[in-house]
Amino acid sequence: MTRPPIEVFGTTFQNPILLASGTAGYGREVATVLDLERLGGIVTKAVSPEPRKGHAAPRVAEFPGGMLNAIGLANPGLEHVAADDLPWLDQHLHRARVIVNVVGNTIADYATVVARLSPQSVVVAFELNVSCPNTARGGEEFGADDAVLSELLRGCRAATGKPLIVKLAPTLSDVARTAESAAGAGADGFTLVNTIPGTLYRGPGVSAAASRLGNGQGGVSGPALLPVGVLATRRVHQRTKLPVIGVGGIRTIDDVMQYLEAGASLVAVGTAALADPRIPERLAESWSANG
Ligand SMILES: Cc1cc2nc3c(=O)[nH]c(=O)nc-3n(C[C@H](O)[C@H](O)[C@H](O)COP(=O)(O)O)c2cc1C
């Protein structure tokens with residue numbers, strides 16, 4: 001028996017498996033190693049109004065629970081994505097869906113990206129990464145203050161009729177409360193979770209300058225995030241009843257089912273696909289075969 005497709009965010013996903021933001025570029029970068037059309041879709045790498053170079057190397061470090069990354073949201077900028085990356089996705093994807101991940105330094109940055117890309121029909125929804133520093137407010141993350149997050153959502157809501165999915169960090173003091181407040185300001189759903197801040201040194205007894213990451217710290221992803229993401233998914237889904245994209249630590253179909261059981265409509269795979277790019281396709285096949 002095959003499972004029915006998933007109707008969510010005003011569109012149809014052939015299966016719940018997405019590629020997580022930042023781990024598959026804008027699709028083209030991974031198209032030679034996996035068949036995007038077999039997936040539910042792709043969440044693009046971050047898009048900011050201006051191009052970003054990102055942090056100094058090294059940008060990734062592995063440890064037994066997963067990995068650390070400090071990419072610094074490197075991206076080619078809004079105009080390049082609008083003129084080059086999204087047209088490529090539009091030409092090459094017919095069944096897989098495209099969600100655009102958005103970042104900024106200010107609230108206005110988010111609305112600028114959303115307004116510019118909203119008319120492109122290949123974009124089914126926007127994922128707002130609010131776990132990054134708000135430079136206008138001393139570097140506190142946008143998602144850490146309900147009033148700031150509400151203002152950000154209202155700005156984006158005015159800029160598009162397309163679904164707005166808010167991606168939250170698992171380190172918020174009460175992720176369900178933050179989500180409820182965002183829902184009140186126009187969020188259509190949530191992605192849970194982003195990475196957790198962390199660092200590792202190159203060896204014992206060395207200074208911070210000898211961090212294994214050029215930026216001195218980064219975000220933890222991979223297997224260690226699985227139970228964290230599943231709990232955040234359950235709490236936010238129960239509180240808001242809005243659709244959730246579960247992400248964090250997914251490697252196996254059992255991991256996928258954990259998120260779906262917790263209330264997720266879709267899931268996204270990041271770190272596991274960096275190690276083995278065929279994993280998302282295999283998960284999509286297992287999901288369809290286990291109907
Ligand atoms: C190399 C790398 C780059 C990432 N870049 C982004 C990004 O641009 N925007 C974003 O919202 N999340 C980004 N993330 C976070 C992932 O989308 C995801 O939330 C996180 O890695 C947890 O999933 P995983 O354990 O399956 O990797 C990145 C993660 C990694 C490992």
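**Notes on a barrel and its surroundings**

1. Let's begin in the loop between β1 (6-8) and β2 (11-13), where you will find Phe9. Please keep in mind that this is a predicted model. Phe9 is not a glycine, yet its phi is positive, about 55°. Most residues other than glycine have a negative phi, and most peptide bonds are trans. Is Phe9 buried or exposed? Phe9 counts as buried because it has 23 C-beta neighbours inside 10 Å, and the cut-off for that label is 20 or more.

2. Lys241 is another residue to look at for its backbone. It is not a glycine either, and its phi is also positive, near 65°. You will find Lys241 in the loop between α5 (226-240) and β13. Lys241 has 9 other C-beta atoms within 10 Å, so it is exposed; the limit for that label is 12 or fewer.

3. Two peptide bonds are worth a look on your screen. The bond from Ala57 to Pro58 is cis, with omega near -10°, and Pro58 sits in the loop between β4 (41-43) and β5. The bond from Leu192 to Val193 is cis too, with omega near 15°. Val193 belongs to the loop between β10 and β11.

4. Now for the barrel. How many strands make up the closed barrel? There are 8, running β3-β4-β7-β8-β9-β10-β13-β14, and their pairing is parallel. On average, and with direction ignored, neighbouring strands here are turned by 25° against each other.

5. One stretch of the barrel can be followed strand by strand. β10 (residues 189-192) pairs with β13 in the parallel sense over 3 bridges, and Phe190 stands opposite Val244 in β13. Helix α2 packs on this sheet, where it touches β7 (97-102) and β8 (123-129), and its direction makes about 155° with that of β7. Helix α8 (residues 279-289) packs on the sheet as well: it touches β3 and β14, and its direction makes about 170° with that of β3.

6. Strand β14 (residues 266-269) deserves its own paragraph. It runs parallel to β13 (residues 244-247), joined by 3 bridges, with Val247 opposite Ala268. It also runs parallel to β3 (residues 17-19), again through 3 bridges, and there Ile17 stands opposite Val267. Which residues of β14 point one way, and which the other? Leu266 and Ala268 point to one side, Val267 and Val269 to the other, and all of them are buried.

7. Val267 comes up again in the largest nonpolar core. That core has 81 residues, and the members touching the most others are Leu18, Leu19, Phe190 and Val267. Helix α2 (residues 107-117) gives the core its largest share, 6 residues. In soluble globular proteins, nonpolar side chains tend to be buried together. Leaving aside residues up to four places away in sequence, Phe190 touches Ile165, Val166, Leu168, Ala179, Val236, Leu242 and Val244. Val244 is also the residue that Phe190 faces across the strand pair.

8. Besides the barrel, look for an open sheet of 4 strands, in the order β5-β6-β12-β11, with antiparallel pairing. Its edge strands, β5 (60-63) and β11 (196-198), each pair on one side only. Neighbouring strands in this sheet are turned by 35° against each other on average, direction ignored. Inside the sheet, β6 (residues 66-69) and β12 (residues 218-221) pair over 3 bridges, and Met67 has Ser221 in β12 as its bridge partner.

9. Ser221 leads us on to the ligand. Which residues are closest to the ligand? They are Gly22, Ala46, Ser221, Gly270 and Thr271, out of 25 that surround it. Sorted by class, this shell holds 14 polar, 9 nonpolar and 2 charged residues.

10. A last stop is Ser173, in the loop between β9 (164-168) and α4 (175-184). Ser173 is exposed because it has 7 other C-beta atoms within 10 Å, where 12 or fewer earns that label. If you would like a long ruler line across the model, try Ser173 to Thr12: the two are 161 residues apart in sequence and 34 Å apart in space, C-alpha to C-alpha.

How values were computed
Residues are numbered from 1 along each chain as its sequence is written. This is a predicted model: local features need pLDDT of at least 70, side-chain atom pairs count only at pLDDT 80 or more; totals for chains, interfaces and linings use all residues. Two strands pair if DSSP finds at least two bridges between them. Helices (H or I, at least four residues) and strands (E, at least two) are DSSP runs, numbered from the N terminus. Axes are lines fitted to C-alpha atoms, for helices over the stretch in contact, and angles run from 0 to 180 degrees between N-to-C directions. A nonpolar core is a set of buried Ala, Val, Leu, Ile, Met, Phe, Trp, Tyr and Cys residues joined through C-beta atoms within 7 Å. Two residues are in contact if their C-beta atoms, placed from the backbone, lie within 7 Å. A residue is near a molecule or strand if its C-beta atom, placed from the backbone, lies within 6 Å of it. Ala, Val, Leu, Ile, Met, Phe, Trp, Tyr, Cys and Pro count as nonpolar, Asp, Glu, Lys and Arg as charged, and the others, Gly among them, as polar.
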